[in-house]
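Colleague: Could you walk me through this one? I would like to hear how each label was reached.

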Amino acid sequence: MTTQPIPDATLRQLLDVAIAAARNAYIPYSNYPVGAALRAADGSVYGGCNVENAAYPASICAERTALVKAVSEGQRAFDLLVVVTKNAGSPCGVCRQMLYEFSPELRLITADLDGNIRSDNSLSELLPDGFGPNRLPR
Ligand code: THU
């Protein structure tokens with residue numbers, strides 16, 4: 001568990017962004033809305049939702065939507081991610097892996113759609129001994 005306090009206003013802002021994003025989830029197949037809010041090192045916040053597809057594997061999770069939005073805007077480092085789902089689920093392995101590429105020490109908070117927080121961990125706790133860029137010889 002991560003213990004350093006997050007200012008209330010910061011947490012509220014990210015929860016609001018994530019909850020608003022979850023309302024845009026395109027989920028005709030699962031009916032499981034997910035919203036994410038990812039904060040970059042410069043303080044910018046990127047929202048994302050899951051976007052499903054009739055060809056199921058083509059779907060994308062909320063966390064990766066937020067990440068690719070941010071990276072495509074030039075961001076490369078992140079310090080905080082808030083994910084909301086109806087049962088406060090934790091990010092899938094593919095999302096953990098993609099986030100690990102940029103910020104292994106990212107702080108990751110899960111909450112339900114009312115903003116009740118369930119967990120608070122670093123990404124490296126959730127993906128121990130992750131495979132990052134420094135594993136590849138150059
Ligand atoms: N989903 C996410 O958006 N994030 C996760 O970390 C777990 C799963 C989405 C994918 C799919 O649209 C729905 O939730 C059910 O798996």
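**Ligand and cysteines**

Modeller: Gladly. This is a predicted model, and the ligand in it sits in the largest pocket.

Colleague: Which residues are around the ligand?

Modeller: They are S30, Y32, V34, N50, E52, C61, A62, E63, P91 and C92. By class, this shell divides into 6 nonpolar, 2 polar and 2 charged residues.

Colleague: What makes the approach of E52 to the ligand a polar contact?

Modeller: An N or O atom in the side chain of E52 is 2.5 Å from a ligand oxygen. The cut-off for such a pair is 3.5 Å, so this one qualifies. The side chain of E63 also has an N or O atom at 2.7 Å from an oxygen of the ligand, while A62 uses a backbone N or O atom, 2.9 Å from a ligand oxygen.

Colleague: How much of the ligand does the protein cover?

Modeller: On its own the ligand has 370 Å² of accessible area, and the protein covers 75% of that.

Colleague: Now the cysteines: how do you know that C61 is in no disulfide?

Modeller: A search of the whole structure finds 0 disulfides. For C61, the nearest cysteine sulfur is that of C95, 3.8 Å away; a disulfide needs the two sulfur atoms within 2.5 Å, so this pair does not count. C95 is in no disulfide either: its nearest cysteine sulfur, that of C92, is 3.8 Å away.

Colleague: Why is C95 called buried, and why is C61 called partly exposed?

Modeller: C95 has 0% relative accessibility, and buried means under 20%, so the label fits. C61 has 23%, which falls between 20% and 50%, so C61 counts as partly exposed.

Methods. Residues are numbered from 1 along each chain as its sequence is written. This is a predicted model: local features need pLDDT of at least 70, side-chain atom pairs count only at pLDDT 80 or more; totals for chains, interfaces and linings use all residues. Side-chain values use heavy atoms; hydrogens and water are left out. Buried means under 20% relative accessible area, exposed over 50%, partly exposed in between (1.4 Å probe, protein chains only). A residue is near a molecule or strand if one of its heavy atoms lies within 4 Å of it. A polar contact is a pair of N or O atoms within 3.5 Å; within protein, one must be able to donate a hydrogen and the other to accept it, and residues adjacent in sequence count only if both atoms are side-chain atoms. Accessible areas come from the Shrake-Rupley method with a 1.4 Å probe; for residues, only the protein chains shown count as cover. On a 1 Å grid over the protein atoms alone, a cavity is a set of points where a 1.4 Å probe fits but cannot get out, and a pocket is an open set with protein on both sides within 12 Å along at least five of seven lines; lining residues have an atom within 4 Å of a point. A molecule sits in a cavity or pocket if more than half of its atoms lie within 2 Å of its grid points. Ala, Val, Leu, Ile, Met, Phe, Trp, Tyr, Cys and Pro count as nonpolar, Asp, Glu, Lys and Arg as charged, and the others, Gly among them, as polar.
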